[in-house]
Amino acid sequence: RKDNRDFIMTEGEYIVRVTHEKLPQRWYAGASVEFETNKGRVMSFHPYLATKQADQVITFRAEQGKEIIMLKIKHGCLEGITQQIVPTLDVIDKTSDWFASVDVDGKI
């Protein structure tokens, strides 16, 4: 079943936890899924197949300073996650020097 809700993350927000309820078979990615961001927001999808039984649910959390970027699901069961270091916006060294280019007519 398709979920038509949009979940738009804000600047600096990323996924740190996923909770997944398995549904062992080959057609579906699972019975339910829930994501939590570093800002504490939660997005849940619990369709009619969800039982919410504790022995059917598994949770993975990103390591400190990392974000979840991919789920490893096989036959409806979450087997693991892929993480990466949270990218920062400081990819270029800040400089205090600025330059201007001036042509022969004096235009900047």
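1. Let's start with R17. At a relative accessibility of 7%, this residue counts as buried, because the cut-off for that label is under 20%. Keep in mind from the outset that this is a predicted model. R17 belongs to strand β1, which covers residues 15-21.

2. Which residues does R17 pair with? R17, E34 and E36 are linked in a network of salt bridges. With E34, the closest N and O atoms are 2.9 Å apart. E34 lies in strand β2 (residues 32-37) and R17 in strand β1, so this pair ties together parts that are 17 residues apart in sequence. Both E34 and R17 are buried.

3. The other link in that network is between the side chains of E36 and R17, a salt bridge with an N to O distance of 2.7 Å. Here too strand β2 meets strand β1: E36 sits in β2 and R17 in β1, so parts that are 19 residues apart in sequence are tied together. Is E36 buried or exposed? With 21% relative accessibility, E36 counts as partly exposed, because buried means under 20% and exposed means over 50%.

4. E34 deserves another look. Besides the polar contact of 2.9 Å that joins its side chain to that of R17, the side chain of E34 makes a polar contact with the side chain of S44, at 2.6 Å. Setting aside residues up to four places away in sequence, E34 touches R17, V18, T19, V42, M43, S44 and H46. If you are viewing the structure, E34 in strand β2 is a handy place to pause.

5. How many salt bridges are there in the whole structure? A search finds four. One of them joins the side chains of K66 and E63, with 3.3 Å from N to O. K66 is partly exposed at 26% relative accessibility, and E63 is also partly exposed, at 45%. Compare that with the E34 and R17 pair, where both residues are buried.

6. E63 and K66 come up again around Q83. That residue has its place in strand β6, residues 77-85, and is partly exposed with a relative accessible area of 25%. Not counting residues up to four places away in sequence, Q83 touches A62, E63, K66, E67 and I69. A polar atom of the Q83 side chain lies 2.7 Å from the backbone nitrogen of E63. As for G65, it is 18 residues from Q83 along the chain, and the two C-alpha atoms are separated by 9.8 Å.

7. Now the overall layout. What does the secondary structure consist of? There are zero helices and six strands, so the order from the N terminus reads β-β-β-β-β-β, given that helices and strands are numbered from that end. The protein has 108 residues, and 24% of them count as buried. Taking contacts with a separation of 6 or more, 48% are between residues 24 or more positions apart.

8. On to the nonpolar side of things. The largest nonpolar core has eight residues in all: I15, V18, V33, F45, A62, I68, L78 and I81. Strands β1 and β6 are the elements that give two or more residues to this core. For one of its members, I15, the contacts beyond four places in sequence are M9, F35, E36, T37, A62, E67 and I68. Two of those names, A62 and I68, are core residues themselves, while E36 is the salt-bridge partner of R17 described above.

9. Finally, the surface. The accessible surface of the protein comes to about 8500 Å², and 54% of that belongs to carbon and sulfur atoms. W27, Y28 and Y48 make a nonpolar surface patch of about 490 Å². Where is W27? It lies in the loop between β1 and β2, the strands that carry R17 and E34. W27 is exposed, with a relative accessible area of 78%, because the label applies over 50%.

Notes:
Residues numbered from 1 in each chain as written. Predicted model: local features only at pLDDT ≥ 70, side-chain atom pairs only at ≥ 80, totals over all residues. Heavy atoms only, no water. Helix = DSSP H or I, 4+ residues; strand = E, 2+ residues; numbered from the N terminus. Buried < 20%, exposed > 50% of the residue type's maximum accessible area, 1.4 Å probe, protein only. Contact = heavy atoms within 4.5 Å. Polar contact = N/O pair within 3.5 Å; in protein donor to acceptor, adjacent residues only side chain to side chain. Areas by Shrake-Rupley, 256 points an atom, 1.4 Å probe, with all protein chains shown as cover. Core = buried A, V, L, I, M, F, W, Y, C linked by side-chain atoms within 4.5 Å. Patch = residues over 30% accessible without salt bridge, like charges linked within 9 Å, V, L, I, M, F, W, Y side chains within 5 Å.
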